[in-house]
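Got your viewer open and a selection box ready? Let's take a walk through the strands, a few charged pairs and one busy loop.

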Amino acid sequence: MKLAMIGLGKMGGNMSRRLIKGGHQVVGYNLEPESTKQLAAEVGLIPADSLAEAVGKMDAPRVAWVMVPAGRPTERVINALADLFQPGDLIVDGGNSNYKDTMRRAAELAEKGIHFVDVGTSGGVWGLAEGYSMMAGGSDEALAILRPALETLAPGAETGWGHVGPSGSGHFVKMVHNGIEYGLMQAYAEGFEIMRAKPDFDLDLHQVAEIWRFGSVVRSWLLDLTANALADDQELSGIKGFVSDSGEGRWTVFEAIDLDVPAPVITHSLFARFVSRQDESYAAKLLAAMRNQFGGHAVVKAD
């Protein structure tokens with residue numbers, strides 16, 4: 001099939017490479033033209049200098065896969081495509097949009113006769129070689145149009161992807177996926193910190209990670225990546241302990257509250273990321289002051 005990839009960052013660029021390698025034609029447009037030129041020279045991407053040009057280089061039904069940051073950038077691109085598309089064309093949002101925004105956009109596009117599919121996409125920089133895990137939401141008709149691309153991008157034609165429900169469901173499932181990811185990562189981080197804090201055994205943390213990778217009940221791809229990270233420098237001396245969050249963990253916690261579902265692990269892992277960004281915690285200072293007030297416990301004076 002032939003489709004347009006709108007946004008050629010790391011994910012969009014690698015997805016374009018995998019699609020072209022799989023025999024598809026890809027028209028590419030990116031705000032930074034260098035990415036477009038590089039992919040055109042490297043893998044035969046059909047370059048476009050504008051959204052209008054990209055749309056003009058496709059045949060009906062046109063398919064545009066949007067891979068830009070969630071929020072306003074996605075909103076702007078989808079609105080611009082909606083003005084250029086015709087009834088029967090298809091817009092795909094492969095980013096990490098809030099599922100409520102996705103449901104609204106699907107309804108607005110449906111009024112114009114334009115199909116919309118939300119594809120929660122996981123795989124990161126490894127997706128090019130390993131394939132992407134994709135959770136798709138939308139109508140049966142829209143998914144039938146998109147299926148050849150999904151089968152190529154996935155680890156296998158019938159594995160690693162699925163039509164999970166109506167519009168919004170793909171991004172909802174990906175949101176929960178990322179919330180679970182927060183919890184798994186936090187558990188690994190805490191466990192390895194406990195082992196590092198036990199100098200008596202002089203543990204080789206990379207060796208431990210490698211042992212656990214095979215046969216252990218805690219083996220996982222995240223553990224594989226942990227082993228990679230520990231291979232050269234167990235102290236991680238070149239990395240500052242500042243952990244960002246891209247939004248999905250917060251949305252998962254908000255959803256758990258709205259649905260009255262207890263989610264202590266995911267919630268704690270989100271708050272742990274907040275703690276990582278504090279050079280000094282005012283709350284911790286106040287805790288020390290209270291202990292000093294009621295029990296006369298010593299406090300560590302600031303420099």
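Start by selecting Val63 and Leu90: Val63 stands opposite Leu90, which sits in strand 5. Keep in mind as you go that this is a predicted model. From here, follow the chain from strand 4 through helix 4 to strand 5, and you trace a right-handed β-α-β crossover. Strands 4 and 5 run parallel, with four bridges joining them.

Now show strand 4 on its own and turn on side chains. In a regular strand, side chains alternate between the two faces of the sheet. Here, Val63 and Trp65 point one way, Ala64 and Val66 point the other, and all are buried.

Next, add strand 1, residues 2–6. Strand 1 also runs parallel to strand 4, and three bridges join the two. For a specific pair to click on, take Ala4, whose bridge partner in strand 4 is Ala64.

**Charged pairs**

Time to look at charges; there are 17 salt bridges in the structure. Select Arg62 and Asp89 to see one of them: their side chains meet with an N to O distance of 3.0 Å. What does this pair tie together? Arg62 lies in the loop between helix 3 (51–56) and strand 4 (63–66), while Asp89 is in the loop between helix 4 (72–84) and strand 5 (90–93), so the salt bridge links parts that are 27 residues apart in sequence. Switch on a surface and you'll find that both Arg62 and Asp89 are buried.

Move on to Arg105 and Asp93. They form a salt bridge too, the closest N and O atoms being 3.9 Å apart. Arg105 belongs to helix 5 (residues 99–110) and Asp93 to strand 5, so this pair ties together parts 12 residues apart in sequence. Are these two buried or exposed? Arg105 is buried, at a relative accessible area of 3%, and Asp93 is buried as well, at 0%.

Stay on helix 5 and pick Arg104 and Glu108. This salt bridge has its closest N and O atoms 3.5 Å apart. Both residues lie in helix 5, four residues apart, which is about one turn of the helix. How accessible are they? Arg104 counts as partly exposed, at 31% relative accessibility, and so does Glu108, at 37%.

Now widen the selection to Glu75, Asp93, Asp101, Arg104, Arg105 and Glu108. These residues are linked in a network of salt bridges, and the Arg105–Asp93 pair and the Arg104–Glu108 pair you just visited are both salt bridges among these residues.

**A busy loop**

For the last stop, jump to Asp245, in the loop between helix 10 (221–232) and helix 11 (248–258). Why does Asp245 count as buried? Its relative accessible area is 16%, and the cut-off for buried is under 20%.

Which side chains make polar contacts with the side chain of Asp245? Select Arg250, where the polar contact is 2.7 Å, then Arg277, where the polar contact is 2.6 Å.

To finish, expand the selection around Asp245. Leaving out residues up to four places away in sequence, Asp245 touches Tyr182, Arg250, Leu270, Arg273, Phe274 and Arg277. Colour those by residue type and have a look around.

Definitions and conventions:
Residues are numbered from 1 along each chain as its sequence is written. This is a predicted model: local features need pLDDT of at least 70, side-chain atom pairs count only at pLDDT 80 or more; totals for chains, interfaces and linings use all residues. Side-chain values use heavy atoms; hydrogens and water are left out. A salt bridge is a side-chain nitrogen of Lys or Arg within 4 Å of a carboxyl oxygen of Asp or Glu. Buried means under 20% relative accessible area, exposed over 50%, partly exposed in between (1.4 Å probe, protein chains only). A polar contact is a pair of N or O atoms within 3.5 Å; within protein, one must be able to donate a hydrogen and the other to accept it, and residues adjacent in sequence count only if both atoms are side-chain atoms. Contact means heavy atoms within 4.5 Å. Two strands pair if DSSP finds at least two bridges between them. A crossover is right-handed if, with the strands pointing away from the viewer, the path from the first strand over the helix to the second runs clockwise.
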